[in-house]
Amino acid sequence: MKPNPSREARAVRRVIVTAMRNWSRLDADANQVYYTSSDRAVFFDFTPMQYVGWITYSNEIKKVQESIRKFKITLKDDLAVHVMEGMAYAHGTWKMDFVFTEGSRRHLHGRLTEVLEKRKGKWIIVHEHASVPTPH
């Protein structure tokens, strides 16, 4: 029998799942409430290397999304959430499916690490690291 996750762990999981759902909808603006607005926050994505600050991250992702017709992130069952005093981190794996505007498709498998802080009673993502394995 799996342990029953705490209420806080479930809340963190909901933030992550909702953020991934918003990315899948190609709606970066909807994620503004789930990510820190800090201009010093660092977000590692699989391409390019990193974004510094939510505004940069959001704006650059929107540019990438212009070439995508359909996109879906599916979190796998291994998403693990760990909660401490006012902080949480989560890690797991995902798959992504893309259909680009010119018709080509791409499928990726990768990993995700999220760091969240509880601010004013709400969990927000303050650091994100998404990566794909290097080819053998």
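Which residues does Tyr35 touch, not counting residues up to four places away in sequence? In this predicted model, the contacts of Tyr35 are Ala19, Met20, Trp23, Phe43, Trp54, Tyr57, Ile124, Ile125 and Glu128. Tyr35 is itself buried, as its relative accessible area of 2% lies under the 20% limit. The surroundings of this residue are described below, after the overall architecture.

The protein chain contains two helices and seven strands. Along the sequence these elements follow the pattern α-β-β-α-β-β-β-β-β. The radius of gyration is 15 Å, close to the 14 Å given by the globule rule for 136 residues, so the chain is as compact as a globular protein of that length. Taken along the principal axes, the C-alpha atoms fill a box of roughly 45 × 40 × 25 Å. Buried residues account for 37% of the 136 residues of the chain. The accessible surface of the protein chain is about 8,600 Å², and carbon and sulfur atoms contribute 54% of this area. Of the contacts between residues at least 6 apart in sequence, 49% join residues at least 24 apart.

The largest nonpolar core comprises 33 residues. Within this core, the residues with the most contacts are Ile16, Met20, Trp23, Tyr35, Tyr57 and Leu116. Two or more residues are supplied by each of α1, α2 (54-65), β3 (68-75), β5 (87-100), β6 and β7. Helix α1 gives the largest share, eight residues. Among the residues with the most contacts in the core, Met20, Trp23 and Tyr57 are also touched by Tyr35.

Aromatic side chains were examined across the whole structure, and eleven aromatic pairs were found. One of them joins Tyr35 and Phe43 in an edge-to-face arrangement, with 5.7 Å from centre to centre and 65° between the planes. Phe43 has a relative accessibility of 0% and is therefore buried. A pair with another geometry is formed by Tyr51 and Tyr57: the ring centres lie 5.0 Å apart and the planes meet at 35°, so this pair is tilted. Both partners are covered, with Tyr51 buried at 4% relative accessibility and Tyr57 buried at 3%. These four residues belong to one aromatic cluster, which consists of Trp23, Tyr35, Phe43, Tyr51, Trp54 and Tyr57. Of the cluster members, Trp23, Phe43, Trp54 and Tyr57 are among the residues that Tyr35 touches.

Val42 lies in strand β1. With a relative accessible area of 24%, Val42 is partly exposed, because this value falls between the limits of 20% and 50%. Not counting residues up to four places away in sequence, Val42 touches Gln50, Tyr51, Val52, Val126, His127 and Glu128. Among these partners, His127 is 85 residues from Val42 in sequence, yet the C-alpha atoms of the two residues are 5.9 Å apart in space. Glu128 is touched by Val42 and also by Tyr35.

Ile55 belongs to helix α2. At 59% relative accessibility, Ile55 is exposed, because this value is over 50%. Ile55 and Val115 are 60 residues apart in sequence, and their C-alpha atoms are 18 Å apart.

In helix α1, Thr18 directs its side chain to the backbone oxygen of Arg14, at 2.7 Å. Thr18 also touches Asn31 and Tyr34, not counting residues up to four places away in sequence.

Two residues other than glycine were noted for positive phi values. In Leu26, phi is near 60°. Leu26 lies in the loop between α1 (7-24) and β1 (42-44) and is partly exposed, with a relative accessible area of 25%. In Lys120, phi is near 50°. The position of Lys120 is in the loop between β6 (105-119) and β7 (122-131). Lys120 is exposed, with a relative accessible area of 86%.

Note on methods: Residues numbered from 1 in each chain as written. Predicted model: local features only at pLDDT ≥ 70, side-chain atom pairs only at ≥ 80, totals over all residues. Heavy atoms only, no water. Helix = DSSP H or I, 4+ residues; strand = E, 2+ residues; numbered from the N terminus. Buried < 20%, exposed > 50% of the residue type's maximum accessible area, 1.4 Å probe, protein only. Phe/Tyr/Trp six-rings, centres within 6.5 Å; stacked < 30°, edge-to-face > 60°. Core = buried A, V, L, I, M, F, W, Y, C linked by side-chain atoms within 4.5 Å. Contact = heavy atoms within 4.5 Å. Rg over C-alpha atoms; globule rule 2.2 N^0.38 Å. Areas by Shrake-Rupley, 256 points an atom, 1.4 Å probe, with all protein chains shown as cover. Polar contact = N/O pair within 3.5 Å; in protein donor to acceptor, adjacent residues only side chain to side chain.
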